Amino acid sequence: MEPKGAVFSTGEATRPFAVSEEASLHPTGYGRESRRLVGDQMVGPASRVIPVSADQQGTAEGVYLDYNGSAPLDPRVAEIMLAALTEGAGNASSTHHFGRRQAAAVDEAREHVAALVGGRASNVVFTAGATEANNLALRGAAEGSPADRQRVVISAVEHASVRETARWLHERGSLELDVVPVTDGGYVDLRALEEILDEDVLLVSVMSANSETGVLNPVAEIAELARAVGALFHCDATQSAGRLPFDLEEIGADLVSLSSHKICGPTGVGALVGTRHSLRRLSPIIHGGGHERGLRSGSLNVAGIVGFGAASRIAFGERTAESARVAELRDRLTGSLMSRLSGVREIGDVSRRLPNTANIRFEGADAEAVVANMDPVAASTGSACSSGAIEPSEVLLAMGIPRDAASESVRFSVGRFTMREDIDVAVESAVAAVEFVRMMTKEGE
Ligand SMILES: Cc1ncc(COP(=O)(O)O)c(C=O)c1O
């Protein structure tokens, strides 16, 4: 469950970067008219003030360490979105000048989103998020697949939107499904993949980074194996794009899924970016007026797309510096927890993971109980609630981690607005929570 009403550290006192951009991120004009740069702050009627003060840092309002769940909206993005919402009018498909301005704003966003993954703007299909992009990739490829290619291969640690779509296709008899195992480090076992692949495979879908462990997959090698048998390679890059460099062409990916709210953009908007050839092989899953190259009908969510474009542009420009900064914070967190508590283990291969993520097992402390007792810190577990029972994460089980160990793991994911002080509060809160849960567990035995 996402925490509600958190106040993020986005104000001047705590912002880890100076706003040094030109007054407009958006040449098409939204938010430009009335804004100006004063010192390192953007001011003017269109600016949105998010109240924050140094003493709000690390208080009950929120130390938010769940960026992989959803990253807070960057105020720079909010500002541009607000302008798009209030200054814009009309349907982006309309030919009158209002519509043309909306379409120009969408096209500008398309450039920024494409650049994030080294794709072409004309090959960006906007969706309502990565869940829909993943559905479009799998179901769109399955529909009308050639008779001699009736098999789909996914990894054992895919997001539910890939896993459940593939299972659904399999259960309704559309395609055979193979699930390739991962190593105990959490990344795809290339030898096992090679054994599974053959010329009857339509599509291979493997994520670039796992949201729970942060572990990175060898996507270029996977793409090469897929290409060798003539299969499409779909990569869910939701967690890595904007955090690490990703180049669709260099990797050899045919289809790439993205989500705006993982990169401090708005929720409810994402994209499937592909090569022209691979997009041509897809059928739409939403039918209507033929928007988005005929692959995703429906009037465009202009403000959301504009926000996604701005978030992509900011992430592209800042990802190198931000990666180094968040890695330091993440390592400060794990180092402190390990020195303060016994029985702390990191899950997944720590030499190949996202810079912002740590999945930590606290031996002898149920993760749900730890998270529930960790206020004001928000972190998450990968557990799922199924038939009223809490089930440990499928991802961790797929890595060969025993159920009891999997149910003791907590994911901490830091990000753009996380500060050192947040980490220090998080360490104190986590130590207290783990000690409390361990004590209660012992007493109950
Ligand atoms: C790897 C991955 N894919 C897909 C999604 C779904 O993204 P969205 O919320 O945009 O539908 C998520 C969200 O957690 C994710 O982590």
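## Arg 120, helix H1 and the ligand shell

Arg 120 is partly exposed because 16 other C-beta atoms lie within 10 Å (20 or more would make a residue buried, 12 or fewer exposed, and partly exposed is in between, with C-beta atoms placed from the backbone). This is a predicted model, in which local features need pLDDT of at least 70 and side-chain atom pairs count only at pLDDT 80 or more, while totals for chains, interfaces and linings use all residues. Residues are numbered from 1 along each chain as its sequence is written.

Arg 120 sits in the loop that runs between helix H2 (97–116) and strand E4 (124–127). Helices (H or I, at least four residues) and strands (E, at least two) are DSSP runs, numbered from the N terminus. Arg 276 is 156 residues away from Arg 120 along the chain, with 8.8 Å between the two C-alpha atoms.

The buried residues of H1 include Pro 75, Val 77, Ile 80 and Met 81. The table gives the extent of H1 and its packing with helix H9.

| Item | Value |
|---|---|
| H1 (residues 75–87), first to last C-alpha | 18 Å |
| H1 and H9 (residues 302–340), angle | about 150 degrees |
| H1 and H9, distance between axes | 9 Å |

Axes are lines fitted to C-alpha atoms, for helices over the stretch in contact, and angles run from 0 to 180 degrees between N-to-C directions. H1 and H9 are therefore roughly antiparallel (an angle over 145 degrees).

Around the ligand are residues including His 159, Met 207, Asp 236 and Gln 239, each counted as near if its C-beta atom, placed from the backbone, lies within 6 Å.

Conventions
Expected span 1.5 Å × (residues − 1). Parallel < 35°, antiparallel > 145°, perpendicular 65-115°, else oblique.
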